[in-house]
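Visitor: I should be grateful for a close look at a single part of this protein, namely the surroundings of the ligand. Please also explain how that part fits into the rest of the chain.

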Amino acid sequence: MSLRLYYHPLSSFCMKVLTALYEKDLPFKKEVVDFMDPVASASFTEIWPIRQFPVLRDEARGKTIPESSLIIEYLDQHYPGKTQMLPADIELAFRARQLDRFFDLHVQVPMQKIVTDNFRPEGQNDAFGVNECKKKLAVAYGILEKELANTVWATGDHYTMADCAASPALFYANLTVPLGAEHPNVSRYLDKLTNRPSFARAVEEAQPYFHMRPE
Ligand SMILES: N[C@@H](CCC(=O)N[C@@H](CS)C(=O)NCC(=O)O)C(=O)O
């Protein structure tokens, strides 16, 4: 097995890549990175000094790839498996990348900021920043409500990388700033994502770690 994923089951960006790997039904080795373990933490720092996961290591091709979207594109190119995550049509592929960026930058990033503020040392919280991120999430939900009207998946009839990005982004964002009655399209879409076996499997694997999430 040449693919090795450095990740944590609870991490939203890692769940995005896991979802793609499960969609593709590819064999890979899981390396759970525990930052609390000094040895594991130091060895991950050697692999990727930026110290963010997910990171994919491909021994067969001698490549180390950080960044969830790049990992999925790399898999599509070199290990397509059962499902292609970027459509062959260049317009649809552009749309998938565009929505992938939206879910990462305008849903996951503000959600992460709100959640990780709970882990800051006492007296060093950023109430203003957290409040701004709550407002940004509300704006993002409003945009998505329009984008997701009359569509099965994010980019149309076919499941793509944008749906892999949307799954953990909306799943965790909804726990942080719940979707309201004014978001029926986003709520319906989130239901579809959580019922998709690939993402449902990633959530199930994260269950033993959910107690580590702040309420
Ligand atoms: N742009 C990166 C973001 C990755 C990211 O933020 N990962 C988080 C976990 S969800 C992380 O490693 N956090 C630890 C840190 O930033 O120190 C991607 O798409 O992979």
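Guide: What follows begins with the ligand shell and then moves outward to the strands, the domains and the protein as a whole. Please keep in mind that this is a predicted model.

The residues around the ligand are Ser 11, Ser 12, Phe 13, Arg 51, Gln 52, Phe 53, Pro 54, Glu 67, Ser 68 and Asp 104. Sorted by class, this shell holds three nonpolar, four polar and three charged residues. Two of its members, Phe 53 and Pro 54, are joined by a cis peptide bond, with omega at about 15°. Pro 54 belongs to the loop that runs between helix H2 (38-47) and strand E3.

The strands may be taken next, beginning with E3. Strand E3 comprises residues 55-58 and pairs with strand E1, residues 3-7, in the antiparallel sense over four bridges. Within this pairing, Tyr 6 has Val 55 of E3 as its bridge partner. Strand E3 is also joined to strand E4 (residues 63-66) by four bridges, and these two strands again run antiparallel. Here Leu 56 is matched with Ile 65 of E4. E3 and E4 form a hairpin with four residues between them, and Gly 62 in the turn has a positive phi of about 65°.

The domain division places these elements in a wider frame. The protein is divided into domain 1, covering 3-78, and domain 2, covering 90-206. The C-alpha centres of the two domains lie 21 Å apart. Across the boundary, 13 residues of domain 1 are in contact with 15 residues of domain 2. On the domain 1 side, helix H1 (12-24) and helix H3 (68-78) each supply at least two of the residues that touch domain 2. H1 gives the most to that side, with nine residues. By class, the side of domain 1 that touches domain 2 has eight nonpolar, three polar and two charged residues.

Two backbone details away from the ligand shell deserve a note. Asp 25 lies in the loop between H1 and strand E2 (29-32), and this residue has a positive phi of about 60° although it is not a glycine. Asp 25 counts as exposed because 10 other C-beta atoms lie within 10 Å, the limit for that class being 12 or fewer. Asn 150, in the loop between helix H5 (127-147) and helix H6 (161-176), likewise is not a glycine yet has a positive phi of about 60°. Asn 150 is exposed too, with 6 other C-beta atoms within 10 Å.

Finally, the whole chain can be described. The protein contains eight helices and four strands, and along the sequence they follow the pattern β-α-β-α-β-β-α-α-α-α-α-α. Its radius of gyration is 17 Å, which agrees with the value near 17 Å that a compact globule of 215 residues would have. The C-alpha trace spans about 50 × 50 × 25 Å along its principal axes. Of the 215 residues, 33% are buried. Among contacts with a separation of 6 or more, 69% are between residues 24 or more positions apart.

Conventions. Residues are numbered from 1 along each chain as its sequence is written. This is a predicted model: local features need pLDDT of at least 70, side-chain atom pairs count only at pLDDT 80 or more; totals for chains, interfaces and linings use all residues. Domain bounds come from an automatic or database domain assignment. Two residues are in contact if their C-beta atoms, placed from the backbone, lie within 7 Å. Ala, Val, Leu, Ile, Met, Phe, Trp, Tyr, Cys and Pro count as nonpolar, Asp, Glu, Lys and Arg as charged, and the others, Gly among them, as polar. A residue is near a molecule or strand if its C-beta atom, placed from the backbone, lies within 6 Å of it. Two strands pair if DSSP finds at least two bridges between them. The radius of gyration is taken over C-alpha atoms; the globule rule is 2.2 Å times the number of residues to the power 0.38. A residue is buried if 20 or more other C-beta atoms lie within 10 Å of its own, exposed if 12 or fewer, and partly exposed in between; C-beta atoms are placed from the backbone.
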